[in-house]
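Thanks for sharing this one. Below are my notes, set out point by point, for you to read alongside the coordinates.

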Amino acid sequence: MVPSEGEDMDAFHVRNTYAQLELSGVKGDGYEEGVERTRARVGTSRASQLNADAALADGTEKKGELDPREIQTLASVDRYGFFIIPSHDRLVRLDSAPLLKQLSRTRGGLSLRLAKLTVLPSLPPSPKPIRENTRIAKWTRMMKPVLRDQGGNTQAWSIRSSKESKLRERAYKGIPDCWRSAAWDLLMCRYASAGPRETATLVNDYREALDKPSTYDIQIDLDVPRTISGHIMFRTRYGAGQRSLFHVLHSFSLRCNKCGYVQGMGPIAATLLNYFEPERVYAALVRLHDVYSLHTVFSPGFPGLLEAIYVQERIMETMMPDVYAAMQKHIISTTSYATKWYITLFANSVPFQTQLRLWDVFLFEGYDVFIAVAIAIVWVYREQITGSSANFETVLSLLSSFFVPEDENALLFWIEKTLGDKKLRANMRQWREDWKNLVATGKDTTALL
């Protein structure tokens with residue numbers, strides 16, 4: 001590679017390093033740490049050079065028997081590939097009892113019996129979904145291949161017409177993990193009214209962008225090694241997962257001059273890389289950007305984020321007036337705790353398995369799902385927010401926690417019922433229009449908590 005005209009040389013060093021390592025590979029990918037080459041360059045000493053050279057793969061590593069350390073690492077991962085359970089400052093249980101009552105106008109909090117807050121000492125293991133084999137069989141009967149490549153591999157899917165009425169219900173019950181890549185691609189293409197031709201165009205755009213410089217390359221490289229690093233695919237510095245993540249974010253940063261790159265894109269792309277090849281992840285990000293409202297969420301000033309927060313606050317004010325009043329009393333802005341929810345699509349706020357369940361329905365319903373999740377959290381903890389001992393610190397600390405649902409099915413059922421309320425959805429659409437009018441008239445700066 002050669003630098004592009006006017007390209008920053010440090011940025012070129014980053015881009016060139018990833019390109020070279022894409023050819024050579026990295027030794028011990030998945031179970032070794034790797035050698036840092038961009039944030040701290042390889043030193044000029046002989047020992048430093050030898051250490052760096054020893055970290056390069058020789059082309060035979062994946063052809064031989066598994067290294068004992070690799071076997072040990074593989075034996076320690078959970079069903080989603082995490083060998084280290086991420087640590088969090090505060091883990092709290094999202095109790096299912098409050099979710100047995102659907103969203104309605106409510107004053108006060110819960111009974112003391114239901115209001116007890118449970119802080120967890122560690123993140124529990126992800127259980128195997130109940131009746132997974134039955135659900136796999138149902139999705140197998142529901143999905144129909146519509147395009148195959150020359151090798152007979154399915155490239156695009158559709159839903160059998162006789163099963164269309166089941167799609168929403170089954171998405172809320174959870175897409176079986178073995179069907180997730182096919183189902184997610186199907187849902188995104190349907191939502192975007194796109195097909196294989198549009199996907200092929202985006203794949204070509206991704207490949208062309210790899211050879212172009214991005215002003216965000218240095219920042220992307222800084223963020224890559226700290227994005228779900230507890231996952232086996234992203235553990236090794238410059239391993240296949242980190243290289244793919246860099247390349248996807250690099251290409252996507254060139255897609256929109258207004259959005260460029262923001263840190264919240266990393267966890268989203270990393271999650272998608274668990275199910276798609278890099279070029280398909282790029283195509284997915286473009287669809288999320290273009291039709292799922294992420295363009296407005298990532299644009300300077302985060303206008304889509306503020307719109308979602310405005311809608312959330314109107315629901316709180318209408319359905320939980322005491323909670324809304326408590327937020328006003330304690331001077332707690334919604335942006336102070338909900339920003340990370342909306343920007344990362346809850347990737348860093350709930351267990352990975354729960355995140356996948358939320359994305360199953362997000363790709364079907366759209367961005368309103370995350371407003372419903374935010375409301376569900378506030379709904380569950382409304383006693384703690386309105387209680388006599390509540391104050392700025394306790395409420396903000398609670399809502400900034402990592403939430404572990406006691407029962408994922410109860411949470412998803414609550415969200416399904418909430419978004420199935422036609423009156424509420426109509427109000428949400430109206431509140432979005434109200435927000436646009438506030439922005440147009442310059443009154444938005446005083447419209448949020």
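How many nonpolar, polar and charged residues are there in the lining of the largest pocket? Point 1 takes this up; please keep in mind throughout that the model is predicted.

1. **Pocket lining by class.** The lining of the largest pocket holds 17 charged residues, 16 nonpolar ones and six polar ones. In total 39 residues line this pocket, and its volume comes to about 800 Å³.

2. **Where the pocket sits.** If you want to centre your view, Ile130, Lys173, Arg357, Glu408 and Asn409 are the lining residues that lie nearest the centre of the largest pocket. The elements giving two or more residues to this lining are four helices and a strand: α4 (132-142), α5 (167-173), α16 (352-365) and α20 (408-419), together with β5 (402-405).

3. **The small sheet.** Strand β5 also belongs to an open sheet of three strands, ordered β2-β1-β5 with mixed pairing. Because β2 and β5 stand at the edges with a single partner strand each, one side of each is left without a neighbour in the sheet. The two pairings are worth viewing one after the other. Strand β1 (residues 91-94) runs antiparallel to β2 (residues 119-120), with two bridges joining them, while β1 and β5 are parallel and share four bridges.

4. **Valine 92 as a landmark.** A handy place to see both pairings is valine 92, which stands opposite valine 119 in β2 and has phenylalanine 403 as its bridge partner in β5. Further along, leucine 94 stands opposite proline 405 in β5. As a reminder when you check side-chain directions, in a regular strand the side chains alternate between the two faces of the sheet.

5. **The main nonpolar core.** The largest nonpolar core has 120 residues, and the ones with the most contacts inside it are Trp184, Leu272, Leu288, Ile315, Tyr337, Tyr342 and Phe370. Helix α17 (residues 368-380) is the top contributor to this core, giving 12 residues. For a closer look, take leucine 288: beyond its neighbours within four places in sequence, it is in contact with Met188, Ile268, Leu272, Ser293, Leu294, Phe362 and Leu363.

6. **A helix under cover.** How many residues of α10 are buried? The count is nine of its nine, running from Met265 and Gly266 through to Leu272 and Leu273. The cover over these buried residues includes α6 (180-192), α9 (240-253), α11, α12, α15 and α16.

7. **Threonine 271.** This residue lies in helix α10 (residues 265-273). Is threonine 271 buried or exposed? Its relative accessible area is 1%, so threonine 271 counts as buried, the cut-off being under 20%. Setting aside neighbours within four places in sequence, threonine 271 is in contact with Trp184, Phe352, Gln355, Leu356 and Trp359. Trp184 is also among the core residues with the most contacts.

8. **Two positive phi values.** I would look at two loop residues here. Serine 293 has a positive phi of about 80° although it is not a glycine, and this serine is found in the loop between α11 (278-291) and α12 (294-298). Leucine 345, likewise not a glycine, has a positive phi near 55° and is found in the loop between α15 (335-344) and α16. Their surroundings can be set side by side: serine 293 is partly exposed, with a relative accessible area of 37%, whereas leucine 345 is buried, with a relative accessible area of 1%. Serine 293 also appears in the contact list of leucine 288.

9. **Enclosed cavities.** The structure holds four cavities of 30 Å³ or more, and the largest cavity has a volume of about 60 Å³. Which residues line the largest cavity? They are Asp185, Met188, Thr199, Phe276, Arg280, Ala283, Ala284 and Arg287. Helices α6 and α11 are the elements that give two or more residues to this lining, and α11 gives the most, with four. By class, the cavity lining has four nonpolar, one polar and three charged residues. Met188 is a link back to point 5, as it is in contact with leucine 288.

Key:
Residues numbered from 1 in each chain as written. Predicted model: local features only at pLDDT ≥ 70, side-chain atom pairs only at ≥ 80, totals over all residues. Heavy atoms only, no water. 1 Å grid on protein atoms, 1.4 Å probe; cavity = no way out; pocket = protein on both sides within 12 Å on 5 of 7 lines; lining within 4 Å. Points joined across faces, edges and corners; volume = space filled by probe spheres on them. Nonpolar A, V, L, I, M, F, W, Y, C, P; charged D, E, K, R; others polar. Core = buried A, V, L, I, M, F, W, Y, C linked by side-chain atoms within 4.5 Å. Buried < 20%, exposed > 50% of the residue type's maximum accessible area, 1.4 Å probe, protein only. Contact = heavy atoms within 4.5 Å. Pairing = 2+ DSSP bridges.
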